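Q: I have a protein model open and I'm not sure how to read it. Could you walk me through some of its features?

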Amino acid sequence: MGDLLIEIGQNPHARRLIKQLGLPIPMPERLRRATTPWEERPLHDKDVVLAAGENPTLTAAVAQTLAAAGASPLVVGDDSLLEPFRTPGEAHGRPARKLPLGEELDRRADAIVFDASGIDSIAKLRALYDVFHPLVTKLARCGRVVVLGRPHEGLSPAHGAAQLALEGFVRSIAKEIGKTGSTAQLLCVEPGAEERLPAVLRFFLSPRSAFVSGQPIRISARVPGPKTIPWVQPLQGKIALVTGAARGIGAETARLLAAEGAHVVCLDRPDDDGPTSQLAREIGGSPLLADVSRPEAAAAIVDELTKRGGVDIVVHNAGITRDKTIARMSGEYWDLVLNVNLDAVIRMTDAILAGPMRQGGRIICLSSIAGIAGNVGQTNYAASKAGIIGFIKSLAPAVVDKGITVNAIAPGFIETRLTAAVPVAIREVARRMSNVGQGGLPKDVGEMVVFLASPGAVGITGSVIRTCGGAWIGA
Ligand code: NAD
C-alpha cells in the first residue's frame with residue numbers, strides 16, 4: 001500500500017491538521033542504508049568529529065578506528081586530542097585536523113563521537129553542552145552521534161550519576177536529531193574491554209545501523225574472543241541456522257549472513273517448502289523443513305547441523321502473533337504463541353548447545369518492543385518476547401567459557417507480513433511513532449543480526465538491542 005501519510009504530509013493544510021492531532025509529521029526522506037557487503041574502510045572520506053570531556057580514556061581506540069576505517073577526523077578542543085591520531089593517522093594517511101571549541105564547522109559532519117569516559121562529576125557534564133550546542137545543527141542528514149562512557153556500577157554516587165546521565169542525554173538527543181534520519185547511541189565500555197570498542201564503533205557509525213537509535217550498549221571483556229578481527233567477509237567459513245527464513249526478517253537475515261560468507265541453513269515450516277528452497281538456492285545455503293513447535297524438531301535440527309560439522313551462528317527468528325485481548329483469547333492462542341516464540345527456542349537451544357554448537361558461537365534471538373513495553377491484545381506475544389529477554393540474560397553467563405555470546409534483538413515496527421496484518425490506521429500511526437518517523441525494513445534487523453554474529457561483536461553478550469528507530473513505546 002502507498003505511503004498515505006507521506007503524501008498527505010506534502011500538503012501544508014494537511015500538515016497543520018496532522019500536527020493538531022499530535023501525529024508526527026512524516027519524513028519523506030528515506031534512511032540511508034548500506035547497499036554493499038562489509039568493507040575495510042566503511043567510513044571512507046566521512047567527516048567525523050571527535051570531542052571529549054575531561055580525562056578521556058578511549059580516544060586512542062577511537063583514533064585507531066577512525067583512521068583504519070578511512071574517516072577524515074576533525075578534533076574539537078585542545079591539542080591533546082590530536083595526539084592519539086599521530087601514529088594511526090600517519091599509518092593510514094588520515095591525519096586529524098583541529099577545530100578550536102566554539103569555532104564554526106565549515107561543512108557538515110557525518111558523525112560526532114564524544115568520549116565522556118572520564119567525566120566523574122556533574123560539573124564536567126557541561127562539556128556535552130559546550131560541544132553539542134554549536135555542533136548539532138552541523139550534523140549531516142542521516143548522521144551519527146556516538147557517546148562513549150563507562151559502567152556506573154561500583155563508582156562513587158556522584159561519579160555514577162554523571163555516567164548514567166549520559167544515557168538520558170543520548171536518548172534525548174536521539175529524539176532531537178531523528179527527524180533528519182540521524183541516530184545517537186551510548187557505548188558503555190567496561191574496564192578491560194577497550195580493544196573491543198573499534199568493531200562496535202564501526203557498526204554504529206555506519207549506515208548499517210540506520211534503524212537503531214537511543215540505545216545504551218554495553219561492551220565487556222567477559223567472553224574470550226579472537227585477537228584479530230576480519231572486517232571483510234567476517235563470516236567466512238561459518239555455518240548459520242536461521243529459523244523462519246522463508247520470508248520477512250528471516251529471509252533478509254539469511255541473505256545478509258550469506259553475503260558475508262556464511263553457509264546458511266534456512267529453516268521454515270514444511271508448508272513453506274517453495275520459498276524456503278528457493279531462498280536456499282539463491283544464497284548457496286541449504287533448506288531445512290521443520291515446524292519448530294513440534295517436539296521432534298530439535299532432534300531434526302541437531303541431525304542436520306551435525307552432518308554439516310557443527311554450527312556457529314543460531315538465529316531464532318521464527319515467530320507468530322495471535323492477537324486478542326486476554327478476555328477474548330482462546331487457550332489455544334495462548335499455548336501456540338508461547339510454544340513457537342519461546343518454548344521452542346529454549347528446546348532448540350538446549351539441544352544445539354549439547355551437540356553441534358561450536359566454540360565461539362553466537363546465539364541471537366528475536367524479541368520485540370512489545371516484550372519491553374507490552375501491548376493491548378498481545379498478552380501472549382509480549383509474554384513470549386519478554387521471556388526471550390529473560391532467557392538470553394540467564395543463558396549468557398552460563399556459556400561464557402565456551403566463547404559463546406547470547407543476545408536478543410527487539411525490533412520495533414518493521415515492514416513485513418506480520419505488520420501488514422495490523423489494521424491500517426494503527427499501522428500508519430505505528431510507523432511514525434519513532435525518532436526517525438518511519439518504519440524499518442527487514443534488512444535493518446538483518447544488519448543487526450550480522451553484526452552480532454560477527455567476530456568483532458564478542459564484547460556484547462546478555463544484551464537486548466532495540467532495532468526500532470527509537471520507538472516511542474517502551475522507551
Ligand atoms: P513473518 O511472519 O514475515 O515471518 C515469520 C516466519 O516464521 C515465516 O516464514 C513463518 O513461516 C515462520 N514460522 C512461523 N512459525 C513457525 C514454526 N512453527 N516453525 C517454523 N517456522 C515458523 O514475520 P517477521 O515480521 O519477519 O518476524 C520475524 C521475527 O521478528 C518474529 O519472531 C517476530 O515476532 C519478530 N518481530 C517482528 C516485528 C515486525 O515489525 N515485523 C517486530 C518485532 C518483532
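A: Happy to! Start with contacts: this is a predicted model, and residues 24 or more positions apart account for 76% of its contacts with a separation of 6 or more.

Q: How many helices and strands are there in the chain?
A: The chain has 16 helices and 14 strands. Its radius of gyration is 22 Å, close to the 23 Å from the globule rule for 475 residues, so the chain is as compact as a globular protein of that length. Along the principal axes, the C-alpha atoms fill a box of roughly 65 × 60 × 45 Å.

Q: Which domains does the assignment give?
A: The domain assignment lists domain 1 (1-25), domain 2 (45-219) and domain 3 (239-467). To place two of them in space, look at their centres: domain 1 and domain 3 are 34 Å apart, taken over C-alpha atoms.

Q: What share of the residues of the chain count as buried?
A: Buried means under 20% relative accessible area. Here, 56% of the 475 residues count as buried. As for the accessible surface, it comes to about 19,500 Å², and 55% of that belongs to carbon and sulfur atoms.

Q: How far apart are the mean positions of the positive and negative charges?
A: They are 3 Å apart, with 52 positive and 47 negative charges in the chain.

Q: Now a single helix, please. Is helix α7 mostly covered or mostly open?
A: First, the general idea: an α-helix has 3.6 residues a turn, so residues three or four places apart point the same way. Now the case here: helix α7 (residues 197-205) is mostly covered, with nine of its nine residues buried. Among them are Leu 197, Val 200, Phe 203 and Phe 204, and Arg 202 is on the list of buried residues too.

Q: What do the buried residues of α7 pack against?
A: Their partners include the helices α3 (59-68) and α16 (442-453). The strands β4 (109-115), β5 (139-149), β6 (183-189) and β7 (215-219) are also packed against by these buried residues.

Q: And a single residue: where does Arg 247 lie?
A: Find the loop between β8 (239-243) and α8 (248-259), and you will see Arg 247 there. Between the cut-offs of 20% for buried and 50% for exposed, a residue is partly exposed. Arg 247 has 28% relative accessibility, so it counts as partly exposed.

Q: Which residues is Arg 247 in contact with, leaving aside its neighbours within four places in sequence?
A: Those contacts of Arg 247 are Asp 272, Pro 275 and Arg 417. For a sense of distance, Arg 144 is 103 residues from Arg 247 in sequence and 30 Å from it in space, C-alpha to C-alpha.

How values were computed
Residues numbered from 1 in each chain as written. Predicted model: local features only at pLDDT ≥ 70, side-chain atom pairs only at ≥ 80, totals over all residues. Heavy atoms only, no water. Domains from an automatic or database assignment. Helix = DSSP H or I, 4+ residues; strand = E, 2+ residues; numbered from the N terminus. Rg over C-alpha atoms; globule rule 2.2 N^0.38 Å. Buried < 20%, exposed > 50% of the residue type's maximum accessible area, 1.4 Å probe, protein only. Contact = heavy atoms within 4.5 Å. Areas by Shrake-Rupley, 256 points an atom, 1.4 Å probe, with all protein chains shown as cover. Lys, Arg positive; Asp, Glu negative; His and termini not counted. Charge placed at Lys NZ, Arg CZ, Asp CG, Glu CD.
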